[in-house]
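Please walk me through this structure, taking the packing of its helices and the meeting of its chains in turn.

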Amino acid sequence: MSTLVTLGCSFTQGQGCYKESSLDENSQEYYKEQLPNFLKGCIGSNIQKEFGFANFYNYARGGDSNLNQLLRFFNNPIQDDDTTILWQVTFPTRGFAVIENTINTLPFEFTEKMFKLRLKFGNTSPEDDMRREVALYLKVMKEYCRVRGWRFFVWFWENGEYSKYSEMFPLLKENIIPFNKEPFDDDMYSIEGHPNEKGYKKVSDTLIRAIESYGLDFPKPKEEIKIIKAIFDKTINF
Amino acid sequence: MSTLVTMGCSFSQGDGCYDFSLGDAENDFINFREDNMDNFLHKCIGSNIQERFGYEKFINYAYAGSSNESQFLLFFNQLPQDENVTIIWQQTFYHRYFQLAKKGVMDAGLHYEWVVRAMQEKMEKLNLTDWDVEQDTRFHTLLRIQSLYEYCKIRNWKLLIWTWMGHEYEHLIKLFPKLKSIIIPYSNPFDREMGELPNEWVSKIPNDPHPNEIGYKIISDGLCDSIVKNNLDCPIPNEKPINKIKINPTFITT
């Protein structure tokens, strides 16, 4: 049985796919109520449908850093054999933090200060060094997938990033989906700025086109959909 | 063929095992230390464990000043090519952080302003105590251990960990009882000022906070005894030790 796993930040979580609700839009309850809608409208869900993966697990979480995603995955590893990992790399400036025993992202003000302090300590290209850090995390996952006989693909939310990573890290080139977002129409945004289900459908379609036009070895199992699940647990399991 | 891998900081690298005939320690310490690297490798904790348990090959990833995350990433960046691998990972101080700067690794610790400020700010903004922050750093480390553990499970490799900090075993077991199967119960007598220890156990360099070869042998014996006594899942292949290899801390990102 085939399994698709997606990793990423809010853009892969599906944040922005809101349905009408009687709850206050600024409340935590409203956000929680919308989570199943995020899962339904997210990019991974569209790819599951298009290529026919029986199972789909979405580890992505709003605000997550790349390291968060790596560690979150290993904190809740899956046992399926025939698995494809699709990792949306988010902004490399985001930092990882454990806060009160849960997996969290460093608040942005910390990240900004660390960035400035790195510059102060003579680092002339902090952005590139942050990309190198991300490449090391990707390498861990690539190796894990290799020994498990899984497939591993990476794509980038920010346009232009895939070519930078491909140039800087040739070993990752075979895993990188050459993908740039196409412009969104006005009706493809949610009220808070994330894409809505239409926007995510457009991103999914562009990704699928890139996978197909570059002849990537991305499975198309054409199986019946059985599981669609968000791995949303912040708690550390050991 | 069996392979032992050790990971850790200077204490696993073997810092402190000096052959004073190799140079001028007083006037040219940097080169003197560099020239002693092979001596470190042959007298370090991993080398002693290799000899006692009989691993054919020994690979040491540890380097001075390393953080736990750097060890994790270095390992995946330069993976051993062998099949029958046992990893012994010495956990170092939690306040050390991995960072890349100018294309190279420059581990950050309390000597970095951003590390100190980030800890202070975390306490202030989130209303946490230093104990809370310390606990969080344990979880940080745990997540890396867990990732390596999952990888080893798939490869059918063995993973054991131990901590340099004397009382950490109790803290970690209390927080994560499942660690018990991979953590070596060992209370390190060297987790203190070296001046409090017998002179013959510690480095002869003034103010050097490291044991010497006698000290490392005491630690190695303690670790091996604990592994055997607690019946931990650690192979004792009894093969002839042949190779000792030091991994340079170069991160290959191409």
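When the directions of two helices are compared, angles under 35 degrees count as roughly parallel, over 145 as roughly antiparallel, 65 to 115 as roughly perpendicular and the rest as oblique. The model discussed here is a predicted one.

Take first a helix pair that spans the two chains. Helix 6 of chain A, residues 126-148, packs on helix 5 of chain B at an angle of about 55 degrees. Their axes lie 9 Å apart. That angle falls in none of the three named ranges, and helix 6 of chain A and helix 5 of chain B are therefore oblique to each other. The crossing of helix 6 of chain A and helix 5 of chain B is left-handed. On the chain A side, the contact is made by Leu136(A), Lys139(A), Val140(A) and Glu143(A); helix 5 of chain B contributes Leu73(B), Phe76(B) and Asn77(B). Sorted by class, the residues of this contact are four nonpolar, one polar and two charged. The spacing of such contact residues has a general background: an α-helix has 3.6 residues a turn, so residues three or four places apart point the same way.

Helix 6 of chain A also has a partner within its own chain. Helix 4 of chain A, residues 66-75, packs against helix 6 of chain A at about 20 degrees, with the axes 9 Å apart. Because angles under 35 degrees count as roughly parallel, helix 4 of chain A and helix 6 of chain A are described that way. Their crossing is left-handed. Asn66(A), Leu67(A) and Leu70(A) of helix 4 of chain A meet Val134(A), Tyr137(A), Val140(A) and Met141(A) of helix 6 of chain A. This contact has six nonpolar residues, one polar residue and no charged residues. Val140(A) is thus listed in the contact with helix 4 of chain A and in the contact with helix 5 of chain B.

Elsewhere in chain A, helix 3 covers residues 43-51, and its buried residues include Ile43(A), Gly44(A), Ser45(A), Asn46(A), Ile47(A) and Gln48(A). After helix 3 of chain A comes Gly52(A), which has a positive phi near 75 degrees.

Now widen the view to the whole interface. Here 33 residues of chain B are in contact with 33 residues of chain A. On the chain B side, at least two residues each come from helix 5 (68-77), strand 4 (100-101), helix 6 (113-126) and helix 7 (130-155). Helix 7 of chain B gives the largest share, 13 residues. The side of chain B that touches chain A holds 16 nonpolar, seven polar and ten charged residues.

Chain B as a whole has nine helices and seven strands. Its C-alpha atoms fill a box of roughly 55 × 50 × 45 Å along the principal axes. A compact globule with 254 residues would have a radius of gyration near 18 Å, and chain B, at 18 Å, agrees with this. Of the 254 residues in chain B, 44% are buried. Among contacts in chain B with a separation of 6 or more, 71% join residues 24 or more positions apart.

One residue of chain B can serve as a last stop. Val116(B) sits in helix 6 of chain B. Val116(B) has 14 other C-beta atoms within 10 Å and is partly exposed. From Val116(B) to Asp28(B) is 88 residues in sequence and 32 Å in space, C-alpha to C-alpha.

Conventions: Residues numbered from 1 in each chain as written. Chains lettered and ligands numbered in written order. Predicted model: local features only at pLDDT ≥ 70, side-chain atom pairs only at ≥ 80, totals over all residues. Contact = placed C-beta atoms within 7 Å. Helix = DSSP H or I, 4+ residues; strand = E, 2+ residues; numbered from the N terminus. Nonpolar A, V, L, I, M, F, W, Y, C, P; charged D, E, K, R; others polar. Axes fitted to C-alpha atoms, helices over the stretch in contact; angles between N-to-C directions. Left-handed = near helix turned anticlockwise from the far one by under 90°. Rg over C-alpha atoms; globule rule 2.2 N^0.38 Å. Buried ≥ 20, exposed ≤ 12 C-beta atoms within 10 Å, placed from the backbone.
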